[in-house]
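Trainee: Please take one pair of packed helices and go through the contact slowly. After that, work outward to the rest of the chain.

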Amino acid sequence: MKELIREGDHSQKVADVQARLRALKLRVDDAGGYFGASTKQAVREFQQQRGILVDGIVGPNTWNELVEASWRLGDRPLYLKVPVLRGDDVLVLQSRLNALGFDAGREDGIFGRSTYEGVRAFQREYGVAEDGIFGHASHAALLGLRVDRPDTASRLREELRRLETGLAGALVMIDPGHGGSDPGEIGPNGSAEAGICWDLSLRLAERLARAGARIRFTRTEIEHPDPSERARRANAAGADLYIAIHLNAHPGGGSAEGATTFHFGGSRSGESLAEKLQEEVTSLGFKDCRSHARSYPVLRETRMPAVLVEPGFITHPDDEKRLNDPNVRSAVADAIARGVERFYEEAAS
Ligand SMILES: [Zn+2]
């Protein structure tokens, strides 16, 4: 699909777009086949959800995203081929396999070599013919499983550790994104991600210390250790909780804005922590881009509940402006701290 489908159009293609939007539970009130204000709004919401350019126009990129978003796990066999299979069914498969402790690689919705290896490992473990094709037999095996059944020993230790300690006395590892010669992403008005993250981290440290937590940073102000090294430092310190702070960025700017929190797919406590942080940060008025499972090294390789929070998009002028306000940064630090407190309260109850 090369042409653009936009407001004012009336065609079968518009009807197809509307059907796909509705299947994704987005509301479309326009007459069938007519691209009115309601269709445009639904397209914008979809683009926001997917983290792509939000312009309310269906071009090739948005169309591809709509097609990929339409696939449900079990709709088609998934296997390694050229060109590679892409879609939300692949994403769900990767996240389920990772949650079960099979390394299906990055959760990116692309069926590549590591997803193939993850499927084979799953098939080996669960007695399905080991052909690397995720078809009916593998799907049935997966459906028979509880995704939250015991996975790796380190994740089990994590759940236990969380119950043993309250926030007072807990060792919280704060990981300020980037640093040193790595400024991270740069906003339209020149703010560097690293500087804002560092300041947010200091404010968060102060706030959590007042609540009785012990605080360590993964890095000094002048260095930028790679993600695995940051995870290693947290593990070596025996941290009880890990909070990485970054800002989101949209290539080329765009209108994407809002707060997102990530956790490792195999960590239920990480997920619970991420949800609470997300609720608290978005209560400040940042747009809700929700919490998501990711297998980033700082989340996957750390052995304690771990989250990566991105309170806003540095590439969006409004978010950038907000985050340049020290009062807002204090409020964000307070919100993250409140999320952490709620996490420990729930563990104690
Ligand atoms: Zn970053």
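Mentor: In this predicted model, helix α4 covers residues 88-99 and helix α5 covers residues 113-125. Two packed helices are described by the angle between their axes and the distance between the axes. For α4 and α5 the angle is about 55 degrees, and the axes are 10 Å apart. An angle between 35 and 65 degrees counts as oblique, so α4 is oblique to α5. The crossing of α4 past α5 is left-handed.

Next, the residues that meet. From α4 come L93, Q94 and L97, and from α5 come T115, G118, V119 and F122. Sorted by class, the contact of α4 with α5 holds four nonpolar residues, three polar ones and no charged ones. A general point helps when reading such lists: an α-helix has 3.6 residues a turn, so residues three or four places apart point the same way.

Helix α4 also contains R96. Is R96 buried, exposed or partly exposed? The relative accessible area of R96 is 30%, so R96 is partly exposed, because that class runs from 20% to 50%. R96 and L142 are 46 residues apart in sequence, while their C-alpha atoms are 8.4 Å apart in space.

Now go back along the chain. The loop between α3 (60-70) and α4 holds P83. The peptide bond that joins V82 and P83 is cis, with omega about -5 degrees. As for α3, its buried residues are T62, W63, E65, L66, E68 and A69. These buried residues pack against α1, α2 and α4, which brings us back to one of the helices we began with.

The loop between α1 (12-23) and α2 (37-50) contains K25. K25 is not a glycine, yet its phi is positive, near 70 degrees. With a relative accessible area of 76%, K25 is exposed, because the cut-off for exposed is over 50%.

Now to the interior. The largest nonpolar core has 34 residues, and those that touch the most other members are L204, L208, I243, I336 and V340. At least two residues of this core are supplied by each of β1 (171-176), α8 (193-210), β3 (241-245), α10 (268-282), β6 (306-310) and α13 (326-348). The largest share, nine residues, comes from α13. Take L208 as an example: residues up to four places away in sequence aside, L208 touches L167, V172, A213, I215, I243, A337 and V340. There is also a second, separate core, which has 18 residues, L73, A104, V128 and F134 among them.

Two of the helices that supply the largest core, α10 and α13, can be described in the way we used for α4 and α5. Their axes come within 8 Å and cross at roughly 140 degrees. Angles count as roughly antiparallel only over 145 degrees, so α10 is oblique to α13. The crossing of α10 past α13 is right-handed. On the α10 side the contact is made by S269, S272, L273, K276, L277, E279, E280 and V281, and on the α13 side by A335, I336, R338, G339, V340, R342, F343 and E346. By class, this contact of α10 with α13 has seven nonpolar, three polar and six charged residues. Recall that the contact of α4 with α5 has no charged residues.

One more spot deserves a look. T260 lies in strand β4 (residues 259-263). T260 is buried, because its relative accessible area is 3% and the cut-off for buried is under 20%. Which residues surround T260, neighbours within four places in sequence aside? T260 is in contact with N248, Q278, C289, R290, H292, L308, V309 and E310. Of these partners, R290 lies in strand β5 (residues 288-293). R290 has a positive phi of about 65 degrees although it is not a glycine, a feature also noted for K25. At 45% relative accessibility, R290 is partly exposed.

Finally, a distance across the chain: T260 and G36 are 224 residues apart along the sequence, and 30 Å separates their C-alpha atoms.

Conventions:
Residues are numbered from 1 along each chain as its sequence is written. This is a predicted model: local features need pLDDT of at least 70, side-chain atom pairs count only at pLDDT 80 or more; totals for chains, interfaces and linings use all residues. Side-chain values use heavy atoms; hydrogens and water are left out. A nonpolar core is a set of buried Ala, Val, Leu, Ile, Met, Phe, Trp, Tyr and Cys residues joined through side-chain atoms within 4.5 Å. Buried means under 20% relative accessible area, exposed over 50%, partly exposed in between (1.4 Å probe, protein chains only). Helices (H or I, at least four residues) and strands (E, at least two) are DSSP runs, numbered from the N terminus. Contact means heavy atoms within 4.5 Å. Axes are lines fitted to C-alpha atoms, for helices over the stretch in contact, and angles run from 0 to 180 degrees between N-to-C directions. Angles under 35 degrees count as roughly parallel, over 145 as roughly antiparallel, 65 to 115 as roughly perpendicular and the rest as oblique. A crossing is left-handed if the near helix is turned anticlockwise from the far one by less than a right angle, and right-handed if clockwise. Ala, Val, Leu, Ile, Met, Phe, Trp, Tyr, Cys and Pro count as nonpolar, Asp, Glu, Lys and Arg as charged, and the others, Gly among them, as polar.
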